Amino acid sequence: MIRVQYFARYREVLGLDCEELPGTFANMNDVRQHLISRGDAWAVLAEPGLMCARNEELCSLSEPVQDGDEVAFFPTVTGG
């Protein structure tokens, strides 16, 4: 099982801040695709600017994941 956290606008759009996913995923993109397949609001995770982290370390979507990991998805942060 992995723990998935959603931040910023993703949390607002999806209406939750975290959840646990059972199953086996090869990498961060597999997790993302699983979530996108839920449809409707979950399409927000298909944005090209999506950023992700595994166990509190920024990573790419090709980063492997394993049981017990904590993963996070958040939009690109801009400031001024």
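**Figure 1. Asn-55 in the loop between E3 and strand E4 (57-59)**. In this predicted model, Asn-55 has a positive phi of about 50 degrees, although the residue is not a glycine. Its relative accessibility is 35%, so Asn-55 counts as partly exposed.

**Figure 2. Ala-8 in helix H1**. The phi angle of Ala-8 is near 55 degrees, a positive value in a residue other than glycine. Ala-8 counts as partly exposed because its relative accessibility is 41%.

**Figure 3. The largest nonpolar core, a set of 20 residues**. The members that touch the most other members are Val-4, Tyr-6, Val-31, Leu-35, Leu-45, Val-71 and Phe-73. At least two core residues come from each of strand E1 (2-6), helix H1 (8-14), H2 and strand E5 (70-74). Helix H2 contributes the most, with four residues. In soluble globular proteins, nonpolar side chains tend to be buried together.

**Figure 4. The aromatic pair of Tyr-6 and Trp-42**. Two aromatic pairs are found in a search of the whole structure. In the pair formed by Tyr-6 and Trp-42, the ring centres are 5.7 Å apart and the planes make an angle of 70 degrees, an edge-to-face arrangement. Tyr-6 belongs to strand E1 and Trp-42 to the loop between H2 and strand E3 (51-54), so the pair ties together parts that are 36 residues apart in sequence. Both Tyr-6 and Trp-42 are buried. Arg-38 lies over the face of Trp-42, at 4.4 Å from the ring centre.

**Figure 5. The aromatic pair of Phe-7 and Phe-74**. The ring centres of Phe-7 and Phe-74 are 6.5 Å apart and the planes are at 80 degrees, so this pair is edge-to-face. Phe-7 is in the loop between E1 and H1, whereas Phe-74 is in strand E5, so the pair ties together parts that are 67 residues apart in sequence. Phe-7 is partly exposed, with a relative accessible area of 31%. Phe-74, at 16% relative accessibility, counts as buried.

**Figure 6. Glu-19 in strand E2 and its surroundings**. With a relative accessibility of 17%, Glu-19 counts as buried. The side chains of Glu-19 and Tyr-6 are joined by a polar contact of 2.6 Å. Not counting residues up to four places away in sequence, Glu-19 touches Ile-2, Arg-3, Val-4, Tyr-6, Leu-35, Arg-38 and Trp-42. Among these neighbours of Glu-19, Tyr-6 and Trp-42 form the edge-to-face pair of Figure 4, and Arg-38 lies over the face of Trp-42. Val-4, Tyr-6 and Leu-35 are also among the core residues that touch the most other members.

**Figure 7. Asn-27 in the loop between strand E2 (18-21) and helix H2 (28-36)**. The side chain of Asn-27 reaches two backbone nitrogens in the residues that follow: a polar atom of this side chain lies 3.1 Å from the backbone nitrogen of Asn-29, and the backbone nitrogen of Asp-30 is reached at 2.9 Å. Leaving aside neighbours within four places in sequence, Asn-27 is in contact with Leu-61, Ser-62, Glu-63, Pro-64 and Val-65.

**Figure 8. His-34 in helix H2**. His-34 is partly exposed, with a relative accessible area of 34%. Its contacts, leaving aside neighbours within four places in sequence, are with Leu-21 and Phe-25. His-34 and Asp-69 are 35 residues apart along the chain, and 16 Å separates their C-alpha atoms.

**Figure 9. Cys-18 and Cys-52 in a structure with zero disulfides**. A disulfide requires two cysteine sulfur atoms within 2.5 Å. For Cys-18, the closest cysteine sulfur is that of Cys-52, at 17 Å, which is too far for a bond. For Cys-52, the closest cysteine sulfur is in Cys-59; the separation of 3.9 Å is likewise too far for a bond. Cys-18 is partly exposed, with a relative accessible area of 22%, whereas Cys-52 is buried, with a value of 3%.

Definitions and conventions:
Residues numbered from 1 in each chain as written. Heavy atoms only, no water. Polar contact = N/O pair within 3.5 Å; in protein donor to acceptor, adjacent residues only side chain to side chain. Contact = heavy atoms within 4.5 Å. Core = buried A, V, L, I, M, F, W, Y, C linked by side-chain atoms within 4.5 Å. Buried < 20%, exposed > 50% of the residue type's maximum accessible area, 1.4 Å probe, protein only. Phe/Tyr/Trp six-rings, centres within 6.5 Å; stacked < 30°, edge-to-face > 60°. Lys NZ or Arg CZ within 6 Å of the ring centre and 35° of its normal.
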